[in-house]
Amino acid sequence: MMSTQVPAAFATATTTRRPPAAWPPLALAVVCAAAYAIFFVMPYYVNDLDKLPLAEVAGGMHDPKDLWPRNGSGLAFVFTFGGLLTLALAPFGTIIAVGWAAINVALGRPSRDGLTVAISALAAAIGIVTLVWLASPFASALFTWWLD
């Protein structure tokens with residue numbers, strides 16, 4: 001009978017390649033940025049609060065409980081719970097995504113192929129833009145308004 005073992009010289013050539021480890025931080029950065037957009041920015045624009053000064057919005061003159069989606073619609077629970085989770089977890093998720101992407105580039109994956117570097121750079125860019133946005137007066141006004 002013939003042996004079914006592959007010689008060691010051919011074993012590395014037949015192994016399958018794993019996808020780059022850059023996809024998880026990209027997914028995490030996109031999910032965190034999308035959560036801010038869905039739970040905070042979208043209600044701000046849907047309720048036409050963009051036509052008002054930020055100080056007025058943050059000052060509590062427009063109670064979010066009286067506006068869409070928290071005004072008794074079926075989405076009230078989803079947006080309330082989703083917004084609370086986003087406020088509590090998304091900053092940490094964004095920092096983790098940026099750090100993970102930086103580690104992928106700086107320490108280098110074994111292959112250091114162009115796709116891994118490009119995906120990691122995109123994840124870091126999305127995360128950094130999200131963190132800069134979090135420090136903006138616009139985000140601060142939105143969070144103050146939402147928590148009112």
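Me: Which residues of helix H5 are buried in this predicted model, and on which side of H5 do they lie?
Reply: In this predicted model, helix H5 covers residues 114–134, and a residue is called buried when its relative accessible area is under 20%. The residues of H5 that are buried cover an arc of only 135° around the axis, which puts them on the same side of H5. Those buried residues are Thr116, Ile119, Ser120, Ala123, Ala124, Gly127 and Thr130.

Me: Which residues are exposed on the other side of H5?
Reply: Exposed is used here for a relative accessible area over 50%. On the side of H5 opposite the buried residues, the ones that are exposed are Gly114, Val129 and Val132.

Me: How far does H5 reach from its first C-alpha to its last?
Reply: Helix H5 has 21 residues, and at 1.5 Å a residue the expected reach is 30 Å. The reach in the model is close to that expectation, with a value from first C-alpha to last of 30 Å.

Me: Is Val98 buried or exposed, and what is its relative accessible area?
Reply: Val98 is found in helix H4, which runs over residues 76–108. Leaving aside residues up to four places away in sequence, Val98 touches Ala124, Gly127, Ile128 and Leu131, and of these Ala124 and Gly127 are among the buried residues of H5. Because its value lies under the 20% cut-off, Val98 counts as buried, with a relative accessible area of 17%.

Me: Which residues does Leu26 touch, not counting residues up to four places away in sequence?
Reply: Leu26 is found in helix H2 and, at 12% relative accessibility, counts as buried. Two of its partners, Ile119 and Ala123, are themselves buried in H5. With neighbours up to four places away set aside, Leu26 touches Ile119, Leu122, Ala123 and Ile126.

Me: What distance separates the C-alpha atoms of Leu26 and Ala101?
Reply: Leu26 and Val98 are 72 residues apart in sequence, with 8.8 Å between their C-alpha atoms. Leu26 and Ala101 are 75 residues apart along the chain, and their C-alpha atoms are separated by 7.7 Å.

Me: At what angle do H2 and H6 pack, and how far apart are their axes?
Reply: Helix H2 spans residues 23–46 and helix H6 residues 137–147. Angles of 65 to 115 degrees count as roughly perpendicular, which is why H2 is described as roughly perpendicular to H6. The two helices pack at an angle of about 85°, with their axes 11 Å apart.

Me: How do the residues of the contact of H2 with H6 divide into nonpolar, polar and charged?
Reply: From H2, the contact includes Tyr36, Phe39 and Phe40, which are among the residues that meet Phe138, Leu142, Phe143, Trp145 and Trp146 in H6. The residues of this contact divide into twelve nonpolar, no polar and no charged.

Conventions. Residues numbered from 1 in each chain as written. Predicted model: local features only at pLDDT ≥ 70, side-chain atom pairs only at ≥ 80, totals over all residues. Heavy atoms only, no water. Axes fitted to C-alpha atoms, helices over the stretch in contact; angles between N-to-C directions. Helix = DSSP H or I, 4+ residues; strand = E, 2+ residues; numbered from the N terminus. Parallel < 35°, antiparallel > 145°, perpendicular 65-115°, else oblique. Contact = heavy atoms within 4.5 Å. Nonpolar A, V, L, I, M, F, W, Y, C, P; charged D, E, K, R; others polar. Expected span 1.5 Å × (residues − 1). Buried < 20%, exposed > 50% of the residue type's maximum accessible area, 1.4 Å probe, protein only. Arc of directions from axis to C-beta.
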